[in-house]
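Grab a coffee and open the viewer: here are a few exercises to work through with the structure on screen. Try each task yourself before you read the solution.

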Amino acid sequence: MTAALSSHTFPAPRRMRHRRATAVPDDAPFRPVAALPRDLAGVDGCPAGWVIVRRDGATGAIAASVAADADDLLRQAAGCAVVAIDVPIGVPDAGPRACDVAARRLLGAPRASSVFPCPVRPALAATSYADACARSRAADGRALSRQAFAILDRIRDVDATLRAR
C-alpha cells in the first residue's frame, strides 16, 4: 500500500547547534535534505511490520508505504541512496558497539540515555524478556533493557535479512 503524503517540497531545516561545542563544529558543511538530488527513505517499526517514508530526489515528493518484513522493506527501498532504519544494525556477539559508545559520548547528559545498548546476538533467540535477560547476562554480563526487548522482533528481522544476503 503506497499513499502519497504530499508533493510539497519542504524548506531546508534551520541550522541548529547543540550546546556542547563537540556536537557540531561551526565550520561543519551543511547540506539540507531538501537540496539532495537523490531518493531517501526513513523506516520505523509499526504493528503491520515497517513503515517507509520515501523522498523522491528528483521531485521532492514524499510517499509512505508499509512493508510486512525486512525483505519487503529492502525491495520497496531499492534505488534509494540512503535507507535509515530505526533499529540497531550489526548485532555484536558480546559487548557494546563502538558506534553506540561514541554516540552517547557525543550527546552527553541528558540525551546520552536515548541511545540504548544494542542486544547481543544470543539474546535474539529469546522468547521472553526473562529469557533475553538470561541469554544477555550469559554472553555479556548484563541484562537486556526493556527498550531493546520491545523491538527485539524488528532487530531480529533486519539482522536475519542482512545476514542472508
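What follows is a set of exercises on a predicted model, each with a worked solution.

**Exercise 1. Find the largest pocket and describe its lining.**

Step 1: Start with the volume, which is about 250 Å³ for the largest pocket. Step 2: Go to the centre. Of the 15 residues lining this pocket, Asp 86, Val 87, Pro 88, Phe 116 and Ile 151 are the closest to its centre. Step 3: Ask which element gives the largest share of the lining; that is strand β2 (residues 40–46), with 3 residues. Step 4: Sort the lining by class, and you get 8 nonpolar, 2 polar and 5 charged residues.

**Exercise 2. Work out which parts of the chain the salt bridge between Asp 159 and Arg 121 ties together.**

Step 1: Check the contact. The closest N and O atoms of Asp 159 and Arg 121 are 2.6 Å apart, and the cut-off for a salt bridge is 4 Å, so the pair qualifies. Step 2: Place both partners. Asp 159 sits in helix α5 (residues 152–164), while Arg 121 belongs to the loop between α2 (98–107) and α3 (129–140), so the bridge links parts 38 residues apart in sequence. Step 3: Is Asp 159 buried or exposed? Its relative accessibility is 11%, and buried means under 20%, so Asp 159 counts as buried.

**Exercise 3. Compare that with the pair Asp 131 and Arg 135, then look for a network.**

Step 1: Asp 131 and Arg 135 form a salt bridge too, with their closest N and O atoms 2.9 Å apart. Step 2: Both lie in helix α3, and because they are 4 residues apart there, about one helical turn separates them. Step 3: Arg 135 has 32% relative accessibility, so it counts as partly exposed. Step 4: Now follow shared partners: salt bridges join Asp 93, Arg 121 and Asp 159 into one network. Step 5: For the overall tally, the model has 7 salt bridges. Another one of them pairs Asp 100 with Arg 97 at 2.9 Å between the closest N and O atoms, and both of these residues are buried.

**Exercise 4. Trace the hairpin of β3 and β4.**

Step 1: Get the direction. Strand β3 (residues 49–55) and strand β4 (residues 62–67) pair in the antiparallel sense, over 6 bridges. Step 2: Pick a facing pair: Val 51 in the hairpin stands opposite Val 66 in β4. Step 3: Look at the connection, which has 6 residues between the strands. Gly 60 takes a positive phi here, near 80 degrees.

Technical notes
Residues numbered from 1 in each chain as written. Predicted model: local features only at pLDDT ≥ 70, side-chain atom pairs only at ≥ 80, totals over all residues. Heavy atoms only, no water. 1 Å grid on protein atoms, 1.4 Å probe; cavity = no way out; pocket = protein on both sides within 12 Å on 5 of 7 lines; lining within 4 Å. Points joined across faces, edges and corners; volume = space filled by probe spheres on them. Helix = DSSP H or I, 4+ residues; strand = E, 2+ residues; numbered from the N terminus. Nonpolar A, V, L, I, M, F, W, Y, C, P; charged D, E, K, R; others polar. Salt bridge = Lys/Arg side-chain N within 4 Å of Asp/Glu carboxyl O. Buried < 20%, exposed > 50% of the residue type's maximum accessible area, 1.4 Å probe, protein only. Pairing = 2+ DSSP bridges.
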